[in-house]
Amino acid sequence: MPSSTLANPRTIKVGFLGFGTVGEGTHRMLSDNVDEIFRKTGAKINITSIGIKDASKARCLPSELFTTDLKSIVTDPKIDVVLELIGGEELAGEMVDLALDHGKHVVTANKELIAKQGSRLISKARKKNLDLHFEAAVGGGIPVVQALKHQLAGNDVIKLMGILNGTTNYILTRMEAEGANFADVLADAQKLGYAEADSTNDVDGFDTMYKIAILAAITFGKQVDLSDIHREGIRSIGTEDMHYAEVFGYRIKLLGICEEIEPDTLMVRVHPTMIPRTHQLAHVDDVFNAVWLKGDFVGDLMFSGRGAGGDPTASAVVGDLIDVCRNIVNEGDGSAIPYGEGMKSLPISELETRYYLRLEVQDCPGTLGQISTTLGRRKVGLTAMEMKSKVGGLGEIAFLTHVCREEDFVAAIEEVGNLDCVTKIESWMRVEQS
Ligand code: NDP
Ligand code: HSE
C-alpha cells in the first residue's frame, strides 16, 4: 500500500546545498509548479533549509531558511532528499557522502563530482537503497542522462558526440557569423554573463570533458579515467580556420566524442572538430547544447536544448526530484543505476580520422610538390586544397586529408614544418564524417 494518498499526502522534506543560479531556479520552479508537481508525485515538497556560503548576501526568501552550516542539513534526520547545487569536487563530495551516510536521497547538478567519483557514489547509494540522480550535470535541461539509462539502454551505441558547453558554442557561433576573433568574443561573452570571469573550465574543454565522461560511463557501463581523455579547447581557432571550414563545407564545433573500439575499450576525446554542414550537430548554435548518437537499433538520434542557465537546469533537477519523490511515495527501491570502474580509453595517437591543415608557405614553384610528397611518405593522402598568395612572396595553403592515423599525421606535419618552403604550420584540426 503506498504511503501517500491524495487525501493523505506524504510530505517530503528537501534540503538545498547552494542557492546560486541553479539553486534559485530550482526553488522558483518548485514554487511556481507546486500543483503540477503534487499531481505527478502525490507528495508535498517542503524545503526545510538552504545551505550557502555568504550569510550577508540579500536573498529572496526568509533568512531563517538559510545556514552556512552545510553539515546540519546533510545530517538532519527530518530531511529526505538533499539537492547538491554547490559545484566543485571537494566540499560537494564530502556533503554527498555524508548525506548518503545519513540515509538521504541525493540529486546533484555537479558534473565534476560525478565524472570523478560517480561510480563510487552511485554504488554507495545503491547499496543503501537510495537514489542518486544527476540529469542536470550534462546538457542542462536536455533529458539525455535518463534517456540513456533507461529508454536507449537496449541499444549498442556505436558513436556518441555532443556539443556540451554553451559558452564555447556561443563563442564559435559568433566567430563564424561575424568573422570576429576569439579574444573579442570571449570578452563579450563575459560581459553578457555567459562565460565566467575564469573561463578556463569552459574554454579549455574541462567542462565538456566532465560531461562526455559521464555520458560514456552511462552508455558503456564503466567510468572512464579523466586522465585518459584527450582534451583540447578552442583558444587556438582563428578566423582563417572558420573561413576554410566554410570553403570546404564544414563548421567548427567543440565536440565531446566517445566510441567503443572493442569491449571495455573506448576512444573518448574533446577537441575542436570540423563537422560537415549536412550533419545535425552543425546546426546547433549559440548557447544551445546537443547530444547526437548512433544506436544499432534506434539509428541516428539527437537531443538538443538549453545546456545552461537557472531555468533549464532547474527543469532537470526537479525532474530528478520528482523521480525520487515517486520512489519514496510508492516505497520503491532506489533507482540509481550503478556503473563500475576501469573502462580503458585509447590514446589519441590511435585515432583514425580525416584532418584539416593550414600552412604558411614560400609562394614559389615546387612548394606544393614537396609538401604532398612529405605527407604521402607518412601515408597521409590529400582530398581537397585551397591556395592563395599573400604579401612578401608568401602564400597560404589549406588541405583536407583522407582518413589516416593521428600518429602518422602528427609525424608528417612535423616533417612538413621542417621543409624550407614551409614558413609556418598555422593550424590543424580533426574532421568528423558522422
Ligand atoms: P553558483 O555559483 O551560482 O552558486 C553556488 C551556490 O553554492 C551559491 O549559493 C553559494 O553560496 C554556494 N556555495 C559555494 N561554495 C560554498 C561553500 N563553500 N559553502 C557553502 N555554500 C557554498 O553556481 P551554479 O548555480 O551556477 O552551479 C551549481 C552547480 O550546478 C554546479 O555543479 C554547476 O556545475 C552545475 N550546473 C550549473 C549550470 C548553470 O547554468 N549555472 C548548468 C548545469 C549545471 P552563496 O550564495 O553564499 O555564494
Ligand atoms: N559553463 C557551462 C556552459 C554551464 O557554458 O555550458 C553548464 O554546465
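Ile 171 touches Phe 182, Val 185, Leu 186, Ala 189, Val 203 and Ile 234, leaving aside residues up to four places away in sequence. That is a handy place to start looking around this predicted model. Ile 171 also appears among the residues that touch the most other members of the largest nonpolar core, together with Phe 134, Val 144, Leu 160, Met 274 and Tyr 356. This core has 82 residues in total, and helix α10 (residues 206-220) gives the most to it, with 10 residues. There is also a second, separate core of 29 residues, which includes Phe 16, Val 22, Ile 37 and Ile 50.

**Domains**

The domain assignment of the protein divides it into three parts: domain 1 (3-141 + 310-337), domain 2 (145-306) and domain 3 (349-431). Domain 1 is written as two stretches of the chain, 3-141 and 310-337. Measuring from C-alpha centre to C-alpha centre, domain 1 and domain 3 lie 52 Å apart.

**Parallel strands and their crossovers**

Let us turn to strand β5 (residues 105-108). In β5, His 105 and Val 107 point one way, while Val 106 and Thr 108 point the other way, and all of them are buried. In a regular strand, side chains alternate between the two faces of the sheet.

On one side of the pairing list is strand β4 (residues 81-84), which pairs with β5 in the parallel sense over 4 bridges. Here Glu 84 stands opposite Thr 108 of β5. To get from β4 to β5, the chain passes through helix α4 (residues 90-101), and this β-α-β crossover is right-handed.

Strand β5 also runs parallel to β6, and 2 bridges join them. Val 107 stands opposite His 133 in β6. The chain goes from β5 through α5 to β6, and this β-α-β crossover is right-handed too.

**Antiparallel strands and a hairpin**

Strand β12 (residues 288-295) is a good one to colour by burial, as 6 of its 8 residues are buried. It runs antiparallel to strand β7 (residues 157-163), with 6 bridges joining the two. One pair to find here is Gly 162 and its bridge partner in β12, Val 291.

Strand β12 is also joined to strand β13 (residues 299-306), by 8 bridges and again antiparallel. Gly 295 has Gly 299 of β13 as its bridge partner. Together β12 and β13 form a hairpin, with 3 residues between them.

The strand pairings described so far can be put side by side:

| Strands | Sense | Bridges |
|---|---|---|
| β4 and β5 | parallel | 4 bridges |
| β5 and β6 | parallel | 2 bridges |
| β7 and β12 | antiparallel | 6 bridges |
| β12 and β13 | antiparallel | 8 bridges |

**A helix with a buried face**

Helix α11 (residues 239-248) has Asp 241, Met 242, Tyr 244, Ala 245 and Phe 248 buried. Looking down the axis of α11, these buried residues fall within an arc of 170°, so they line one face of the helix. Just after α11 comes Gly 249, with a positive phi of about 90°.

**Positive phi away from glycine**

Most residues other than glycine have a negative phi. Two residues in this model are worth a look with that in mind. Asn 129 is not a glycine, yet its phi is positive, near 55°. Asn 129 sits in the loop between α5 (111-127) and β6 (132-133), which places it on the crossover from β5 through α5 to β6. With a relative accessible area of 42%, Asn 129 is partly exposed.

The other residue is Asp 264, whose phi is positive at about 65° although it is not a glycine. Asp 264 is found in the loop between β10 (250-262) and β11 (265-276). Asp 264 counts as partly exposed as well, because its relative accessibility is 35%, between the cut-offs of 20% and 50%.

**An exposed strand residue**

Finally, visit Glu 341 in strand β14 (residues 340-345). Glu 341 counts as exposed because its relative accessibility is 54%, over the 50% cut-off. Glu 341 touches Ser 119, Arg 120, Lys 222 and Gln 223, not counting residues up to four places away in sequence. Glu 341 and Asp 225 are 116 residues apart in sequence, while in space they are 8.4 Å apart, C-alpha to C-alpha.

Terms used. Residues are numbered from 1 along each chain as its sequence is written. Chains are lettered from A and ligands numbered from 1 in the order in which they are written. This is a predicted model: local features need pLDDT of at least 70, side-chain atom pairs count only at pLDDT 80 or more; totals for chains, interfaces and linings use all residues. Side-chain values use heavy atoms; hydrogens and water are left out. A nonpolar core is a set of buried Ala, Val, Leu, Ile, Met, Phe, Trp, Tyr and Cys residues joined through side-chain atoms within 4.5 Å. Buried means under 20% relative accessible area, exposed over 50%, partly exposed in between (1.4 Å probe, protein chains only). Contact means heavy atoms within 4.5 Å. The arc is that of the directions from the helix axis to the C-beta atoms. Two strands pair if DSSP finds at least two bridges between them. A crossover is right-handed if, with the strands pointing away from the viewer, the path from the first strand over the helix to the second runs clockwise. Domain bounds come from an automatic or database domain assignment.
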